[in-house]
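Biologist: Before we use any of these labels, I would like to hear how each one is reached, with the value set beside the cut-off it has to meet.

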Amino acid sequence: MTESSSPPLADLLQAAVTTVGGTERPGQTAMAQAVAEAIDDSSHLLVQAGTGTGKSLGYLVPALAHGERVVVATATLALQRQLVERDLPRTVEALHPLLRRRPEFAMLKGRSNYLCLHRLHEGVPQEDADEAGLFDPFEAATPTSKLGKDLLRLRDWSDETETGDRDDLSPGVSDRAWSQVSVTSRECLGASKCAYGAECFAEAARERAKLADVVVTNHALLAIDAIEGAPVLPSHEVLIVDEAHELVSRVTGVASGELTPGQVNRAVRRAAKLVNEQAADALQTASEGFERLMELALPGRLEKIPEDLGYALMALRDAARTVISALGATRDASVKDEDAIRKQALGSVENIHQVAERIVEGSEYDVVWYERHDRFGASLRVAPLSVSGLLREKLFDDRSVVLTSATLKLGGDFNGVAASLGLAPESPQDPEGGEETAPRWQGLDVGSPFDYSKQGILYVAKHLAQPGRDGSRADMLDELAELVEAAGGRTLGLFSSMRAAQAAAEELRGRLDAPILLQGEETLGELIRAFAADARTCLFGTLSLWQGVDVPGPSCQLVVMDRVPFPRPDDPLMSARQKAVEEAGGNGFMAVAATHAALLMAQGAGRLVRASDDRGIVAVLDPRVERARYGSFLRKSMPDFWYTTDRNQVRRSLAAIDAAAKAQGA
């Protein structure tokens, strides 16, 4: 349907809002109009839409009205489900009479998210089964064990499910159980070679996506589609990236590689049964050499690949290449389910070849480093120094892109986030239509329906000592205890490390009567439900809580940040990115470390006000937000709360908020 034949956007938006039971908001209307204009002129748009704006309808309505296929990519499962189960069905129903058509929609995820019928019925390839101690996991796992119960439930579920989507299974199963009945894209036989290809859940999802007007996916699959050159998403004219503040991180993850001794050993075992002895021995020898080096590896960046590591990686690369050739040349009809075993082995060895070759080639645009984990040992990792060039080249070509989030303006403008996405600083376009060197885009902040200056206070404890590297902060813990007591519980504690969260929980459990929940002691969903159910309860944790908590009402009236969440000084990738900016003449600290911290603090502060009648305080227990030169940049990145450093005023305000909540029975 063309724009000229489409009903007025205002009428469509009003119909959609009425159907979902909401009210039109100025920010939502402004967003919808800007999205429609960006789609019409094939330009790009960054939209900051605060909590409560109704941004989903703000982009869905103009996208559906335009009539071309749209892909919506989100960072979290929660938003994907909200779109597919609530927002899209209601919006389509509301717009159907006006558009005189019923747009179709579908969800599409990576292959490993879907049940594999081949794995389910034919069993796990023997190497994996042996490794797990389960030759036939369905028979060997006792029915009373957790794994056995999970596998039996998966077998029963396979007869009932229409989607095979792991997230449709409730309650869920362990990662170990799911790995027995799923495959990665590298391991998949392909629909044409698989005996169950006609019934494949992953293929069915792709077919539904090809027919849909709106395809809902995740950032990782979007990155694979854009970067790896193997299309997994159907062709589309409009791309909408929600939760866009997460995009750079997710794309970096997809564009990264890793080698571990365990991973290489698995590949050796998988390939040894399928190739000639000479090829298998070469890979085994290369694996042993790599493992010896990794036993001595110390964490940190490798600005230059050591000679011994270079030789080990070249040996791995060459041996892997030989095995790949051998795997393609031999077949053994006596091996049961040989195609599945061969495909799995090939995928493992190809990954080793790809990562080893990438590190050996030593691109100036890559960062290489060692990591060491207490449980899993050492790993060798490689990641792009920047993904901005990739995104500029792959994401913004031949389609209109809308990126939206509650936090895209950092320090008062969009330029920091835009630069990370490969976009030039925002500036007026050439009215004469001169040659452009970067994609055209504009930024729009549609605000929030909430009155932050009246609903919340931003308090910075400037009297505290500056955080040090040793981690011990007795004065901070004293301040935290006093604030939590004044608030009557009701506290979400956001900490820069798990160690700090654990120390604070242990200290306050000994001082206060308020129940203290700690991330990691229960599933995140259960913790958030318990936190919301009892106003006296506090919830302490780290990264996922900064962005993943939505608890409106009196249960969350104090949000505490223990310190500015700068990247760790020894983070190899962040340090390399900061150094690269400095070598190019920029301010590496502000471009990388401060921007990283500002984004998290904006997200964390956004946990406080989730509804129009919410009241509370965001307390930052780090004096640098007031004292340091970059403090104003951090404050400007957060919601426009009333600002103070007066500790007595904050305690009085908390006491008043607590009293009001108790009077209302909360």
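**From values to labels**

Modeller: Leaving out residues up to four places away in sequence, Leu83 touches Ser56, Tyr59, Leu60, Val72, Thr74, Leu88, Pro89 and Val216. Please keep in mind throughout that this is a predicted model.

Biologist: Where does Leu83 lie, and why does Leu83 count as buried?

Modeller: Leu83 belongs to helix H4, residues 77-99. Buried means under 20% relative accessible area, and Leu83 has 0% relative accessibility, so the label buried follows. As for one of its partners, Leu83 and Val216 are 133 residues apart in sequence, while their C-alpha atoms are 7.7 Å apart in space.

Biologist: What makes His245 buried or exposed?

Modeller: The relative accessible area of His245 is 15%, and since the limit for buried is under 20%, His245 is called buried. His245 sits in the loop between strand S5 (238-241) and H12, and, setting aside neighbours within four places in sequence, His245 is in contact with Ser405, Thr407, Leu408, Gln547, Leu599 and Gln603. With one of these, Gln547, the side chain of His245 makes a polar contact of 3.2 Å, where the cut-off is 3.5 Å. By contrast, His245 and Glu85 are 160 residues apart in sequence and 24 Å apart in space, C-alpha to C-alpha.

Biologist: How do you know that the buried residues of H12 line one face of the helix?

Modeller: In H12, residues 247-254, the buried residues are Leu247, Val248, Val251 and Thr252. Viewed down the axis of H12, these buried residues fall within an arc of 130°, so they line one face of the helix. The general background is that an α-helix has 3.6 residues a turn, so residues three or four places apart point the same way.

Biologist: What makes the length of H21 agree with that of a helix of its residue count?

Modeller: Helix H21 (residues 498-511) has 14 residues, which at 1.5 Å a residue should span 20 Å, and its end C-alpha atoms are 20 Å apart, so the two values agree. Its buried residues are Ala501, Ala504, Ala505 and Leu508. Because they fall within an arc of 100° when H21 is seen down its axis, they line one face of the helix. That buried set packs against helix H20 (474-487), strand S14 (516-518) and strand S15 (538-541), whereas Arg499, Glu506 and Gly510 are exposed on the other side of H21.

Biologist: How many disulfides are there, and why is there no bond between Cys188 and Cys200?

Modeller: The count comes to 0 disulfides. For Cys116, the nearest cysteine sulfur is that of Cys194, 6.0 Å away, and Cys116 is in no disulfide. For Cys188, the closest cysteine sulfur is in Cys200, also at 6.0 Å; a disulfide requires the sulfur atoms to lie within 2.5 Å, so the distance from Cys188 is too far for a bond. Cys116 is nevertheless buried, with a relative accessible area of 15%, and Cys188 counts as buried at 15% relative accessibility.

Biologist: Why is the pair of Tyr452 and Phe641 called edge-to-face?

Modeller: Among the 7 aromatic pairs counted, the rings of Tyr452 and Phe641 have centres 5.5 Å apart and planes at 90°; centres must lie within 6.5 Å and planes over 60 degrees apart count as edge-to-face, so that is the name of this pair. Tyr452 lies in helix H19 (residues 452-455) and Phe641 in the loop between helix H27 (631-637) and strand S18 (642-644), so the pair ties together parts that are 189 residues apart in sequence. Both Tyr452 and Phe641 are buried.

Biologist: What is the pair of Phe566 and Phe589 called?

Modeller: The aromatic pair of Phe566 and Phe589 is tilted, with 5.4 Å from centre to centre and 55° between the planes, an angle that falls between the limits of 30 and 60 degrees. Phe566 is partly exposed, with a relative accessible area of 22%, and Phe589 counts as partly exposed at 25% relative accessibility.

Biologist: And why is Thr595 buried?

Modeller: Thr595, in helix H25 (residues 588-605), has a relative accessible area of 17%, which is under 20%, so Thr595 is buried. Its side chain reaches the backbone oxygen of Met590 at 2.8 Å.

Definitions and conventions. Residues numbered from 1 in each chain as written. Predicted model: local features only at pLDDT ≥ 70, side-chain atom pairs only at ≥ 80, totals over all residues. Heavy atoms only, no water. Buried < 20%, exposed > 50% of the residue type's maximum accessible area, 1.4 Å probe, protein only. Helix = DSSP H or I, 4+ residues; strand = E, 2+ residues; numbered from the N terminus. Arc of directions from axis to C-beta. Contact = heavy atoms within 4.5 Å. Polar contact = N/O pair within 3.5 Å; in protein donor to acceptor, adjacent residues only side chain to side chain. Expected span 1.5 Å × (residues − 1). Phe/Tyr/Trp six-rings, centres within 6.5 Å; stacked < 30°, edge-to-face > 60°.
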